[in-house]
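Visitor: Please pick one part of this protein and take me through it closely, then follow the thread from there into the rest of the fold.

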Amino acid sequence: MSKPRPSAWQRQVLTDLRNVTGAYPDDVQIVGCHRLDKAGSMRLQLRLRTQDIQRVDGGIPLGSHEDVIVTVGRSELVPPRAEVEHLRFLHHPHVLQGHRLCLYLDPSREWDPLNGFGGCLDRLFAWIADAAAARFDAQTALYHAVGGVLHATDRAPTIVTREPLRDSRRAHHGWLLARTPHRYDLTLVRPAATTEADHTPVVYLDADLPFGAGSSLGEFLYALDNPYLGHPRPDSPYAGRPISQTQLSMVLTVLGASAIRKADGSPQRLVIAVPHPTGGPPHLLAANIPAPGADHLRALVRSNRNRSPIIDIDRTELNGDTPLQWWPLSDERAEVTTRRDAGRPVATYGGKCIAIWGCGGLGSWIAEYVVRAGATKVLLCDPGTISGGLLVRQNFVEADVGDTKVEALARRLRAISDAADITVHDTMTPSADEFLSTDLIIDATVSVAISRLLDDLARLPKDRPVLAQVATDSRTGTLGILTVSTPPMQMGPLTIDRKAGEQVCGDGSLEPFHSLWDVSAPDDQIIPTRGCSTPTFHGSAADLAGVAASLVSILGAHLQPGTALSGTHLISLPHGEAGPLRTFVPAATADHVHSGPAVGAADSETRTQPDDSLTTSTPV
C-alpha cells in the first residue's frame, strides 16, 4: 500500500508555514519534518517564541519558547489542532486532557479557512497571550473536570437532571425514570412503589479526572485510583489532599449493592459527581454497564456472600475489558446552567401566573412562547373546537382536530415544559377568583364584552393583574396592536385603545395603522368555508406567529419590577405592505405619539373581525 500524500489543503499549510517562518524566523520555527499518520493527518512540531508575552499569577506558566504540536487534517473544513507534550498547563481553562489547547470554542463561526494557516498561528499566539494573562474564565470550562472530553456514546439515551445534588455523603441513592426510549430523568427522591424506576447510585469523587474516565471498567477504576495516570502530580487545587484509599472500594461496593437488587440480564448504571478544579457544583457523568458486565458483578457479590455479609468486591476478579457506555447527561441544574433566553425581554415571564383568553390565531402561539419563557402557571380559556381549516395558522396539529382548543393546546404546553402548571377552561373566561390571582391576563378574543370586563377589572385596587389585549388587521395579518394597562392605572385596555385610536387616526404619518380602527371593507374579510361560517381575517401561520412573538417580547417589558407603563403598541411585520414599523402611544399622555425604531417583527389580532378562537362576530 502506498504512503499517503499530503492533500491540497495540507500542501497549502506547508506553503503558508514556510512563508511565516521565512518572514519571522525568530518567532516561529519548524522542528524536524512533518509526518502523516495512517488516517492522512499531518503532524507538525513548531517552536514559538514566548519570552515577551505578558505573564500574571494564575496564568499558564510559559517558558521563553514553547513547543506546540499542530495536527492538520486533510480538509480545510476542520481547523488544525494544537497540543503540548507536558503537563504544565494542566488545570488551566481551555486546556483539554492536560495538553490539548482549545483554540476554537465554536469552530463553525471562528474558523475561516480563507485566512490560511497564518490565521491559525495568529489564533494560537492570541490564545497563549490570553492564557498567560489569565484572561479566560475558568468557570465556563465545565468539561475540564473530566479532561475536556465529552463523554457520550453514540445513540445512547440522554439522562436529564434538574434536582440539586446533596454533597453531605460520599454516595447517594438515585433513580432513573424512563420518559421515552431516548430519555431518562434522574431523581434523588425515592419514587412511589408503583413507579417503574431503575436504582442508580450517585457517587462523589475526591478529585477531578483530568485525563477522562476511560472507555472500559478497568480504565475507569484505574483513573479513580490514579487520576493522573502515572504522570508526576503537578500543582493543582487538590495538591496536599490525598486520594481516598477507600474511594475505589466504595465505588465497587455501591455498584455491587445496586446490581444485586436487580434481575440477571439487567444493565447497571452509575452517576459520578466529579469535583470541578475551580470549586462549585460538581460535573456529572453517567455510565452504563451492559448486562453481561452487570451479571459478572452480581456473580461476584453472590460468591462473596458465602464468606461475608459485607459487599466487598475484589478488583482483581473483575473483567477490566467490560465496556462502559457513557450516556449523554443534560445537566439542567439551576446552579450550573444559564437559560439561553436570559437577559431577553421574555425573561420577565419566568415564575409568573398568566391567563390567556382566546387560544386561536394569536393566543395559541402566545401560550407557547410564555411557557417556553418560564411561566410557571398558565390558564387557558376558549370555548372553541378545532377544525381542520384552523391548522393553516394556529398552533395545532392534525391529531387535535375535533378536540377543544384548550385541551389540545394544554397537551402541547405540557410536552414543552414539565414545570408549567396548565389549567384549562372551555369557557370565555375562568372564575373571578382564578383570574384575579394571576400576574397577567392576555386577551386575544377580540370580544367587546370581554373588553368591558377588563375595563371593570382595571378599576380594582393596584394589586390587580396587568391587563393586555392583542389583535391584528383583517386584510393581511401583518399589523399588530398590543394595549397594556398596568396598576395602579384605573383605565382599562378598551378605553386606552379607543383614546389611542383617536390620536393614531388623526396622524397621517401613521396611516398604515388606521385600518386597526376602521370598519373592514368586505374584501378585507374571508369566509373560510361554505355555509354558516364566521367571517375572519387573512393571515398565515408565519404572519401570526411573527406577530405573536413580537408582541410577547414587547409585553415582557411591562412586567419588569417597578414598571407601571400603560399604552398601546403598534407594529408592522417587515414583509407587510407598510414595512417594519413600531409606534407606542402612552396612555397617560394620549395627546401625542412616540414613534420608535423599526423592528423586525410585531403585531396582534384584528379588532374589526374576531380571532379564530371564538365565534363572536361583534367588532371591537
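Guide: Let's begin with the cysteines. Searching the whole structure for disulfides, meaning cysteine sulfur atoms within 2.5 Å of each other, turns up zero. This is a predicted model, where local features need pLDDT of at least 70 and side-chain atom pairs need 80 or more, while totals for chains, interfaces and linings use all residues. Residues are numbered from 1 along each chain as its sequence is written, and side-chain values use heavy atoms, with hydrogens and water left out.

Take two of the cysteines. Cys-120 has 5% relative accessibility, so it counts as buried. Cys-505, at 32%, counts as partly exposed. The cut-offs are under 20% relative accessible area for buried and over 50% for exposed, with partly exposed in between, using a 1.4 Å probe and protein chains only.

Cys-505 takes us to the part I'd like to look at closely, helix H11, which covers residues 493–505. Helices here are DSSP runs of H or I with at least four residues, strands are E runs of at least two, and the numbering starts at the N terminus. H11 has 13 residues, which at 1.5 Å a residue should span 18 Å, and its end C-alpha atoms are indeed 18 Å apart. The expected span is 1.5 Å times one less than the number of residues.

Which residues of H11 are buried? They are Pro-493, Leu-494, Ile-496, Asp-497, Ala-500, Gly-501 and Val-504. Looking down the axis of H11, these buried residues fall within an arc of 155°, so they line one face of the helix. That arc is taken from the directions between the helix axis and the C-beta atoms.

What does that face pack against? The buried residues of H11 meet helix H10 (448–458) and four strands: S22 (466–472), S23 (479–485), S26 (567–572) and S27 (581–586). A contact means heavy atoms within 4.5 Å.

Follow S22 and you reach strand S21, since four bridges join S21 to S22 and the two run parallel. Strands count as paired if DSSP finds at least two bridges between them. In that pairing, Asp-443 stands opposite Gln-469 in S22. S21 (residues 440–443) also pairs in the parallel sense with strand S18 (residues 353–357), again over four bridges. There, Ile-356 has Ile-442 of S21 as its bridge partner.

The side chains of S21 are worth a look too. In a regular strand the side chains alternate between the two faces of the sheet. Leu-440 and Ile-442 point one way from S21, Ile-441 and Asp-443 point the other way, and all are buried.

Now for a different sheet. It is open, has five strands in the order S9-S13-S14-S15-S16, and its pairing is mixed. Strand S9 (171–172) and S16 are the edge strands, each pairing on one side only. Inside that order, strand S13 (residues 202–204) and strand S14 (residues 268–274) pair in the parallel sense over three bridges. One facing pair there is Tyr-204 and Ala-273 in S14.

On to the rings, where the whole structure holds six aromatic pairs. For one of them, Trp-127 with Phe-136, the centres are 5.7 Å apart and the planes sit at 45°, so the pair is tilted. Rings of Phe, Tyr and Trp (its six-membered ring) pair if their centres lie within 6.5 Å; planes under 30 degrees apart are stacked, over 60 edge-to-face, and the rest tilted. Trp-127 is buried at 4% relative accessibility, whereas Phe-136, at 23%, is partly exposed.

Tyr-184 and Trp-327 make another tilted pair, 5.4 Å centre to centre with 35° between the planes. This pair links distant parts of the chain, because Tyr-184 lies in strand S11 (residues 183–187) and Trp-327 in strand S16 (residues 325–327), 143 residues apart. Tyr-184 is buried at 17%, and Trp-327 is buried at 5%. Elsewhere, ring pairs join Trp-9, Tyr-104 and Trp-111 into a cluster.

One more residue: Ala-132, in helix H3 (residues 116–132), is buried at 0% relative accessibility. Ala-132 lies 72 residues from Ile-60 in sequence, yet their C-alpha atoms are 4.8 Å apart.

Stepping back, the protein has twelve helices and 28 strands, and 49% of its 620 residues are buried.
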